[in-house]
Amino acid sequence: MTYLTKFPAWSKLQAHRQQWHGRQLCDLFQEDKSRFEKFSLQHDDFLLDISKHFVTEETISLLLQLADEAALPAWTNKMSAGDKINHTESRAALHIALRNKSNQPMLVDGVDVMPSVNRVLLQMRNFSDAVRAGQRTGFTGKTFTDVVNIGVGGSDLGTAMVCEALEPYASKDISVHFLSNIDGNHFQQITRHLDPETTLFVVASKTFTTQETMVNAETARLWLVNLIGDSRAVTDHFVAISSNISAATKFGINKENIFELWDWVGGRFSLWSAIGLPIALYIGMDHFEDFLAGAYEMDEHFLNTDYRNNLPVMMAMLGVWYINFFDVRAHAVLPYDQSLHGLPAYLCQAEMESNGKGIDRQGRSCEYLTSPIVFGDAGTDGQHSFYQLLHQGTQFTTSDFIVAARPVHNLENHHEILISNYFAQTEAFMNGRGEKEALQNLNQQGYEDKMIKSLLPYKKFFGNKPSTSIMYKQLNPRTLGKLIALYEHKIFIQGVIWNINSFDQMGVELGKELARSIQNEIHDNKPVTSHDLSTNGLINYYKKLRDN
Ligand code: F6P
């Protein structure tokens, strides 16, 4: 395998990058009046506008040359053929099988996984229909009103984000709650207002060993049994989603209440599996199937569309362009949609746990940047928080602006204001405000000349900040499925270019291991000496505060 920076396209892109010094994004539109049409991609109602980027056709062909040289087509084939592209864990990454609406065989180790996928989907349908219809009740015969998902990371963030986003499609009779943090506050905040007789716990853990989830599940079991006063209640009030069936059974969950997960599904790509059970309980299985269908449509688009018109490929390669050739280290995800409030947090894990790696597939250090820091918030809240830095700070950051043309509510005037802000921000990022305009603005505000002179530097916006605009008709289960799959493929593609394994997460292990050993040292009041001096000092200070 040739090192990434040795690819011919890499040097060509480096040379091409030089041409961009001092150029203004807004001038590109003067040079080519059809730039918006040329650099907007469409797939169904989805629009991906990349015209506000430092790209020409030459840039794009060089980026696509890089994709070819990094063997993106071959890696895509390997991914969809169920090859063990997660080489460090010797696993496939076949989450596309979970939404494979064609039902064509998809193989892992020569075995078609579709029968298992369909079996669990049917199990989800039967279970969620029964709970929603009040046929499946709690121990005392009462209908479930609350579902508590106990899980963390990939077993929490996606499900929580989707439930929040699709709340308009939800049953008014069921509320969903997400217990993830080991902090006892989280448990108490959630259970404080719950009635154990009408609460269903979904223990979501691929491994069924994650400490936070296991401790929260045990506390939940105790809470339930104490309040109901009968340990047999566990059978009716707990279900599990896991690939570790024996551990789930050992916990006390009946076999028929365990929804199987497979090792070819990575945690952060698992919301399409039974990990999505709370989604099905909340919005119903038909809507969940629509959500899968949307993702499948994006999969088909990715797998069958030429790269120049391929949404995930273009998004991924633009990221590579900025990260590797403009030294961009942070990327903002800005949904102008309160329902997508959880999307930035979800993508933090999806992108950073996948591509936050510095060792390539051959075990060598990457001498190039990989995943940026991903952050964001729902517009317009973000505007009143971190946009100042984006507009006038010293970091060069890229952003994705996401919006639906039509709201799901009927407060049209709100949506008009929201979407005007969406347009205004991408315009302001690109065009900024020059000296002449800033001067005019200050004059209009009636300042004296001396004040105008001193304020002028602060009122200028340099602009030239690239952004991607994503727009679709309306946020619904199908659209959301598409949107999430778009980002999943982007992550996969960037991992291929950077020659890293996007599907393991060894970086989260060290802290976990140390925490376990520290836990054994903090029970008594003996001074701790086994760590570095700072950590010893902190632990000992903690003991002093705790014990006095
Ligand atoms: O954060 C590490 C991690 O392994 C994630 O990849 C995963 O999503 C999360 O923990 C939860 O894991 P599990 O579903 O096995 O409890």
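Thr380 is found in the loop that runs between β11 (373–376) and α16 (387–392), and the peptide bond leading into it from Gly379 is cis, with omega near 5°. The structure described here is a predicted model. The points below take up this backbone feature together with residues of positive phi, and then turn to helix α20 and to the packing of α13 with α14.

**Backbone geometry in loops**

- Most residues other than glycine have a negative phi, and most peptide bonds are trans.
- Against that background, the bond from Gly379 to Thr380 is cis, and Thr380 belongs to the loop between β11 and α16.
- Ser90 has a positive phi, near 50°, in a residue other than glycine, and Ser90 lies in the loop between α5 (72–80) and β3 (107–108).
- Because the relative accessibility of Ser90 is 47%, and partly exposed covers the range between 20% and 50%, Ser90 counts as partly exposed.
- Asn103, which is not a glycine either, has a positive phi of about 60°, and its place is in the loop between α5 and β3.
- With a relative accessible area of 41%, Asn103 is likewise partly exposed.

**Helix α20 and its ends**

- Helix α20 covers residues 477–497, and because its 21 residues at 1.5 Å a residue should span 30 Å, the 31 Å separating its end C-alpha atoms agrees with the expected value.
- The helix is mostly covered, in that 20 of its 21 residues are buried.
- At the N-terminal end, Asn476 acts as the cap of α20, with a side-chain oxygen 3.1 Å from the backbone nitrogen of Arg478.
- After α20 comes Asn499, whose phi is positive and near 60°.

**Packing of α13 against α14**

- Two packed helices are described by the angle between their axes and the distance between the axes.
- For helix α13 (residues 285–304) and helix α14 (residues 311–325), the angle is about 70° and the axes are 7 Å apart.
- Since angles of 65 to 115 degrees count as roughly perpendicular, α13 and α14 are therefore roughly perpendicular to each other.
- The residues that meet are Met298, His301 and Phe302 on the α13 side, and Leu311, Pro312 and Val313 on the α14 side.
- By class, the residues of this contact between α13 and α14 comprise five nonpolar and one polar, with no charged residue.

Methods
Residues are numbered from 1 along each chain as its sequence is written. This is a predicted model: local features need pLDDT of at least 70, side-chain atom pairs count only at pLDDT 80 or more; totals for chains, interfaces and linings use all residues. Side-chain values use heavy atoms; hydrogens and water are left out. Helices (H or I, at least four residues) and strands (E, at least two) are DSSP runs, numbered from the N terminus. The expected span of a helix is 1.5 Å times one less than its number of residues. Buried means under 20% relative accessible area, exposed over 50%, partly exposed in between (1.4 Å probe, protein chains only). A polar contact is a pair of N or O atoms within 3.5 Å; within protein, one must be able to donate a hydrogen and the other to accept it, and residues adjacent in sequence count only if both atoms are side-chain atoms. Axes are lines fitted to C-alpha atoms, for helices over the stretch in contact, and angles run from 0 to 180 degrees between N-to-C directions. Angles under 35 degrees count as roughly parallel, over 145 as roughly antiparallel, 65 to 115 as roughly perpendicular and the rest as oblique. Contact means heavy atoms within 4.5 Å. Ala, Val, Leu, Ile, Met, Phe, Trp, Tyr, Cys and Pro count as nonpolar, Asp, Glu, Lys and Arg as charged, and the others, Gly among them, as polar.
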